[in-house]
Structures are given as structure tokens and as C-alpha cells.
Amino acid sequence: MSERVAVRKTYKLYIGGKFPRSESGRSYLVQSGENSTANVALASRKDARDAVVAARAAGSGWAGATAYNRGQILYRVAEMLEGRREQFVALGIPGDEVDAATDRWVWYAGWSDKLPQVRGGVNPVAGPYLNLSTPEPTGVVAAVAPAAPALLGLVSVIAPAIVSGNTVVVAASPTDPLAAVTLAEVLATSDLPAGVVNILTGRIEETVPSLAGHRDVNALDLTGVADAELATSLEVRAAENLKRVLRPVPPHHDWYADPGLARMTALLETKTVWHPKGG
Amino acid sequence: MFEYAPAPESRSVVQLQPAYGLFVGGEFVDPTDGDSFTSINPASEEVLAEIALGGVGDVDRAVRAARTAYDRVWGPMPGRDRAKYLFRIARLIQERSRELAVLESLDNGKPIRESRDVDLPLVAAHFFYHAGWADKLDHAGFGPGPRPLGVAAQIIPWNFPLLMLAWKIAPALATGNTVVLKPAETTSLTALLFAEICQQADLPAGVVNIVTGAGETGRALVEHPDVDKVAFTGSTEVGKAIARAVAGTDTKLTLELGGKAANIVFDDAPVDQAVEGIVNGIFFNQGHVCCAGSRLLLQESVADEVLASLKRRMAQLRVGDPLDKNTDIGAINSAAQLARISELADAGTAEGTQRWSPPCELPDRGFWFAPTIFTGVTQAHRIAREEIFGPVLSVLTFRTPAEAVEKANNTPYGLSAGVWTEKGSRMLWLADRLRAGVVWANTFNKFDPTAPFGGYQESGYGREGGRHGLEAYLNV
Amino acid sequence: MTATAMSARPDLTELGRSETALRGFLHGLPGVDQVGAEQRAAQLGTRSIKATAKAWAIDLAIRMVDLTTLEGADTPGKVRALAAKALRPDPADPSCPHVGAVCVYPSMVPYVAEVLRGPAGGAGSAGAEAAPAGAGVVHLASVATAFPAGQAPLEVKLADTRAAVAAGADEIDMVINRSAFLTGRYQEVYDEVVAIREACGPAHLKVILETGELSTYDNVRRASWLAMLAGADFIKTSTGKVPAAATPPVTLVMLEAVRDFRAATGRQVGVKPAGGIKTTKDAIKYLVLVNETVGADWLDPDWFRFGASSLLNDLLMQRTKLTTGDYAGPDYFTRD
């Protein structure tokens, strides 16, 4: 009896809830597990632009969903990720990293309805006014995931952005993109609305500059940009429409440590409302 | 006429056992020195199950189980792991919500529409919300590393059996405490099903203990020397007794007690929504709601108009079988409560106020009270001062915002209030002056796990829900 | 608003004589809280209608359908088929009631009249005899007044109306002047409705508010009163030509308005949600809304209609399901 011939997977982009190939028709070769290779989509600037359109279109619905609803969906991502643990391990992601990534979704799921309580509140202004400050999402976030750890790093960039109602376009680890595409499959089956997360694979130097300059992007997360010169040039481009910028993390950043609030709060706007009080 | 045919929710989703033991140390046990009592369906007086009556020894056993679980497992467990258990419980409640809703309506008498659409979604949301806090307590605003108290004794009422359980157990567990909970005598069943859910979630043994019983069981629990925290929801009278009992000890106490809320309608109110809010305020859950809008304060310039609309709307209320999906008002929870409502309503009539109910047929068996309003009520009448805890509304009038505030605050209670006006500025002015723990504006009887709930004055102290609710279970 | 409250107001028929009076009255109507109105409508949507009540509701809903086609591509053949269906929605079942009306553009009215009234009835005479609708009659409704935008001079709208009536329409669905309404020129809106009302002669007048363009429930309530004060026999939600058509909360607000208007004036006005109502489930939700907001007096095709096209086949499928016990398929009902 002959050995069964495996069915191999095609790895594509994740834009607007769909899995398109790059419009450029290009792909690049990466190692897939121990014995095989895979062709991964090499995203173009046009793909990046399409992803921004998808992220913007998803924005009002996602930001307008109740915090409870967003929390439920993030928790659902954790459930689905836990169920696909072995799939990530087969791609070479250590089991501990998959577990940490799952736990990270759970941690952020719990923040959806607590962040406004921790970062908002009543201001006792000197006058007959109710004065209330509440955090709101910035909008569309373009992000660069760290090259490693491919899964935990990617999750640690995506989750804090979307928990508050932002939508993201994220450039995955160029060297280890399979985890990102597999995570996209998790997201696509987790009740996450299409377009909230969009994942590009390929060269950061090609896609990210157009995102940094894009006037319909509100924030730029440079976490995974290792080249300091590139990071600076991207930050300069981001200044054109005053994107909120998260700068790159140092090379030996501990992704397993408690992430704190900074990644969430960097992508928030504070809105203060005044209302008179009078009989 | 459009007569809706009966649309009963199926009972088959619930598997009742003939008898239930106590849930102690992760398993169901027989009471050692206790007896048992029956739980009935208040809509039919049919016996649902035999329930264990926890005695002093049973309470002690449960507290010891909780102590052991606190010392060995739950106290030392990282918040991240506690969170996962609570998330599991939240999910199990979502998955079994129809079963829980049907059982709640059977045992309590509340309409399935409410148990299904209000109670159960809130119960699941409450666990979900607090699950998230378990590993975030450092961010809750109480300084770094807030510590749990230990073993919490929790006593809940019969009006929202499972929801009150959630309000008690979810924050206690999230903050790292273990609990012994006593459900109300007439409504133990959903708490016992919750115990099964704890087993299904593999919650470590002893973290949650359920001791069923009556007043004496509760007293034994409150007075147990190894209890670090007492949380009680119920009558002001019992609340005061508990406050006396824990006096001089280190036991931390929170109380959520009675109310006599004013629901204030101004002449610029959105009238149709105000009428809905009045109905929801007093007839939701048969008026068995501590924060019910039981005193309607109408501005005199619109009083007749609003009353006419209210009566027309009340004629649409459907009273009857709690399991019928179209029922708006179900059964009164017990014969004793029905007697109490009837006694106060009769007092209203005797004191010379005008009583009105829409024509409605009440079932022959079970405990029922037609939705009722009293007009011509003044602050001096008993029905304007005492909590009736039933579908009975007292209608008063006022002329100015200042008079509305004065009348609304003229009560020893202070749990909630409602304000109906399209003028935001007036609403906030009033909210500042109302002595009530919750003020609803152009809405009523809204609850959310993120929003703190609790009273001023004799409505109790401490808050449940939100960031503030965590404080009740932390050493801060 | 009740009769008592309204009796303190000046005679309502006087309101139309002055922009100031009209504005004062409309702006003095109680506000509508959006959240509360939507919650109430949603709550009524959870009513569970079963068995005999459902069978009764489906037949009533069929009788309330204004079977509508309002396309540039409408032809005599198309509207004749529709009219035939209006008379006998389910050819396989003679017990199935006919619909309330057929609703078409004015140029299509003669062809519909032929089918509904036979060639002898003819154009013109049908309109004259049809004013108070007798039982067993499928009405012939026509949109007029430069439907759907209403952006035409008044003379054009009046001519449009007269032509439709002359061709045999016994119901006219007019659109209000939203441009005037949204700029606060209430008098202009009012006068236009009054003029069209007059041009209708014996035909019934349905006034389309186009609630999707009015945007707020406060506006819906004001426009409802404005139309009723000016003489509308029916108030109707939508043309079906803008994205936001009939919704339960919009209909709830309009039902409250007709209820209050009758309490104030003694005159009963009908309500017609139109557009977006596609399923039996939707239709029954609307009937529950009627039942619990204005009561049995409005549960009649003379006082409540559905402006719809695809709804009818779903009603027929559900009707068959109740009779046979098996779910029906679309291939067993006529399509046009």
C-alpha cells in the first residue's frame, strides 16, 4: 500500500476577511515545517492600499460594537487558537509560545470593557458641569510585527490595537510568515468582522512605507522594524498627517512578560464631554 | 381581535431530580444535622423538588471546605488561572442558558421572556466581566497587589436567584476569595444547577459551596467565626440584624437592601417612552425588584395625560403562565409574599387612595396579583413609604423640580431613582440632588456588570458590579 | 397625548392657517427617545405567535398587502400579471384571500383597472364609485406627485394626481416635500397635502413621509401630525427608493401618532409601512405592533397596509405550511 500523498496548503494574504493572492501575482519561498516548502504571497503597495480600505470600512462597525461584544470575540479567538495549537507546533512554533499567544488573547479580551473604566472618568471641573472623559479608538493602525517570536509577537501587536475598537493592517514577520497566515485562519473563524485585522506577508521595505505615508491611516506601530534608519524614515513619513507612532522595541524585548497597558493606550484618543447641570 | 395562542417554552430542557443535597467541597452531600423542605412552582403550587435544609453543622462543614480551598488552591492560584475558570463558567452559562432560564421561571415564577432575555444574559456577562478582572486587579485603582479577604459568606434573595448569585460569586472568585452561598428558601434550584456547572468547569473543590436552607441557615453562616466577609442582599430588617451580628468583628460587610424608588416624570418627557419606563419600573419581575420605581412622581401639568396613557398601556399587560413566551407578568413568588402585597394594597384602599387595575383574568392555582396603581397618594400614606415588593405603583404629583427632589428623597431608603425629561441639564441637576445609588434617566431598571449598583442610607452599603464592586472583596 | 390634553389646545383645523401656529404645535409635540422607542419595538418583536393566531394573522396580512411594482421597466404585461395575482394570490387555494390593493405608477393604472374591474368598468368611472371601499374589492393605488423625490412644481404634482385618479386609481400615494419639511417650511408641506387631497376627489390619500430621509423619530412624529392635520387618510413610511425604508420603531412612532390624533380629533387615520418587509415573520411583528399600540381598530386592511412585493409569496408559503404541515418551496407559487 502506498503512503498517502499529503494535501498542501496555499498561503495567501488576509484582507477584508478574504484570502486573496497578491494582486502583483508574486510569491516567495519559505520553509514549511521540516521537509517541505511553501510559496507565500509577496504583498505589493496596492495590496497594502486595499488592506487600508478594508480596515477603514470595518472601523465604524467594530468601534461601535459594545465593549462586551468585542471582548467576547477576542475570547473566541483564544478558544479557536487553543484548538489549533498542534497546527502551529507543526509549523515549528514552540508549544509554549502558542500557549502564551492564547493567554495573551484572553488577557486582552478582559480589557475591552475595563480599559474605559481605568482610563476614563469624571473630571471635577469648577462649575456646574458634568465633565466626562472617555477613551476612543484612534482608527486605522498600520503595524509591523516583530520577526520573532512570529506568533506571540504578532498577537501582541494585533490584540491591543483592536481591543479598543481600532482596525489594523499588519505586516507579518517576513522570515516566518506561515504562523501569520495560519493565525488569519483562526481569526477568520472567530466571529471577528471582516477587515478588522488584515495581514500582509512579504517585504516590510515594500509595503510599510506606503502605509506610513497613507493619509487614511491614523497610527503607525513600528514594533518590528529592526533597521533604525528605516524606522526613522517611516516615522518622518508618518508625521505628514501626524499619525500616532509606536517606536520599535529593543532587539531582546521579552514578549512573554506582562505587556501592561502601554500598547493599548498609545492607540487611544481621549474625548472629554461638557454638559451643564441646571434645574 | 388578535388573540395570541399560548406559546409555552418547553420544560423538557430541564431535568429535575426529586431531591437535592448541599454542595460542599465540590460534591453534593446529604445534610448531617439538617432536615429538608420542598420547593414549589409558584405558578401552579406543584412540588418541584425536595431541598436539603442546611444546619449549623452543615454550615461549618461548608466554611471549612471554603477555608481549605482558599488556603491551598484558590488563594495561591495566579489570577490568570482564576480568570480561565471564570471564563469557563461564563461560557457554560451561555451554553446552558435556556435550561437555566426555564428552571428559573419554574422555581421563581418570573416570565420566561425576562429570565431568557434579561437574567441569563446578565448572569453570563457578569462572569465574563469579572473573569477579566482576575489578572488585572493591579489596575483596578486600589494600589498594587490588593489581597482577597478569605472566605465569603453570601446570602441572596429570591427575586433574581441566579443573577444575585452571579453578583455575589463572580467578584468574590475573581478577587481570589472562596464562598459559601445560601440561596433563598423558595428559589434554590438554579443555584444547585450552578453547582453542577462548577463541577463541569472543573472548578477546584471547595471554591464554591452552596448551602440551601432558611433563615436559621443564613444566621449560622453569618455568625460563623471563620468567615471573613459577609455579603447580603435582602430586606432592610435582616440587613440590620446582620450588621448587629458582625459588629465588633473583623468581618467586612456589604448590604444591598430595600428601596422605595421615585420615578419622576417632567412635562417635557418623551411621553411614550416614559410610560414604558414606568411600566418596566414597577411591573418588571412582578415588582419583585429592590430598585423598582414604586413611587411615580408626575408633574401636575401632565399628570392626567400620563396616567391615561399608563392605564391604556397597563391594559396590554399579559398576566399568566411564566413559561408562556408572551407573558409580561408572572406569578408572585410565594404565598407569604402575596399576603404581604395584599395587606399593603388593602391598607392603601383603607387610607382612602384610589385603586385601579386593568381587567385581567388570574389563574386559579398559584400566587397572583394583578398590576395595580394607586392614585391620590401622598407622602403620608403607607403605600408611599413602605416597600411593597410587588406589582403595585403609588402615584404622587409635584409642581417644580425642587419639589420633586424633596419628595423623592423623603424616604429612609436610597437605592435608585428615575428621571424623565428631554432636558439633559435638568436631568443632571436632579441626579446631583437625588440621594440614590443609581439614577436612571429616560430609562429604568437597566443593569450591566460594568456599572456599580447599590444604595444610600437604609438601602445598604457597598456596591456590586464595576470597578467599585471589587472593593467589597479586597483587603483595601 | 390624550384627548384631555389636546382639548386644551386651539381647534386643530386652525393650525394650518399660520406657519407660526403650525411650527409651535409641531415643535410642542412630546419628543421621542430613540433608545426607548427602539427597545419597545424590539421587545414586541419577541412575541411568539403560534397556531390559530398565526393562521389568522397570515390571512389578515395578505389582505393588507399593497402589491407593488414601481419600476421604470414596468409594462402593461407585467402589471396585468400582478393584478391577476392580487385577485387570486394562490390559484391552487380558493380560500386564500385577495390582497388589499395593487400599487403602480399612473401610466400603468389603466392596465391594472382592466384586470381588477373588467374592461367594462373602464377608466374614470372606477374612481368615482370607489371612494368608500366596499369589502371584496382590490383597491387600485397609484403613486403620484412626482414620486419618489417629489421635486417638481405643484402644478405638475396636481396634474399627476388628477391623471392617476382619472385613469381609475381609488388610492393615491403622494410624497411629502421633504426639502420644505427639513428646512422648516411646514406651511408649504401642509398646503401641498391639502391641495393634493382636493385633487384626489373621492380617492383615498396616503401620504408618504419618506422617514429614511427625515432621519429622526422626532421628525417622523412631526411629519405624521402635519400630514394628518392636512387631511391624510393614511400615513406611509417610505417610497422604497431610499436605503432606509420601513422599520418597526418608525412604524411604532407613526402608530402612536395616529392613536393620539384620533384621541384628539376623533378621526382615524391608517398606517402603511412600506419597503423592506419581506417575510411572514416581519409582517406578524408589525401586526403585533399594531395590536399592542393602537389595538384592534387598526387590524383591518382599511387601516393598515403593507407596501411590499416579495412579502406576498412568503405569506403564501407560510400559509401553505400551516395547512399541509410541510415547508413550501418558492417554485409552487407564481412569480412575476
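This passage describes the contacts between chains in a predicted model, and then the fold of chain A. Residues are numbered from 1 along each chain as its sequence is written, and chains are lettered from A, with ligands numbered from 1, in the order in which they are written. Local features need pLDDT of at least 70 and side-chain atom pairs count only at pLDDT 80 or more, whereas totals for chains, interfaces and linings use all residues.

Of the 2 pairs of chains that touch, B and C share the most contacts (a contact requires C-beta atoms, placed from the backbone, to lie within 7 Å). Here 25 residues of chain B meet 27 residues of chain C. On the chain B side, α4 (112-133), α9 (271-283) and α10 (303-314) each give two or more residues. Helices are DSSP runs of H or I, at least four residues long, and strands are runs of E, at least two, numbered from the N terminus. The most comes from α9(B), with 5 residues. By class, this side of chain B holds 9 nonpolar, 7 polar and 9 charged residues. Nonpolar means Ala, Val, Leu, Ile, Met, Phe, Trp, Tyr, Cys and Pro; charged means Asp, Glu, Lys and Arg; the others, Gly among them, are polar. Chains A and C have no contact. Their closest C-alpha atoms are 15 Å apart.

Chain A contains 10 helices and 10 strands. Its C-alpha trace spans about 85 × 40 × 35 Å along the principal axes. In chain A, 46% of the 279 residues are buried, with 20 or more other C-beta atoms, placed from the backbone, within 10 Å of their own. Of the chain A contacts between residues at least 6 apart in sequence, 77% join residues at least 24 apart.

Definitions and conventions: A residue is buried if 20 or more other C-beta atoms lie within 10 Å of its own, exposed if 12 or fewer, and partly exposed in between; C-beta atoms are placed from the backbone.
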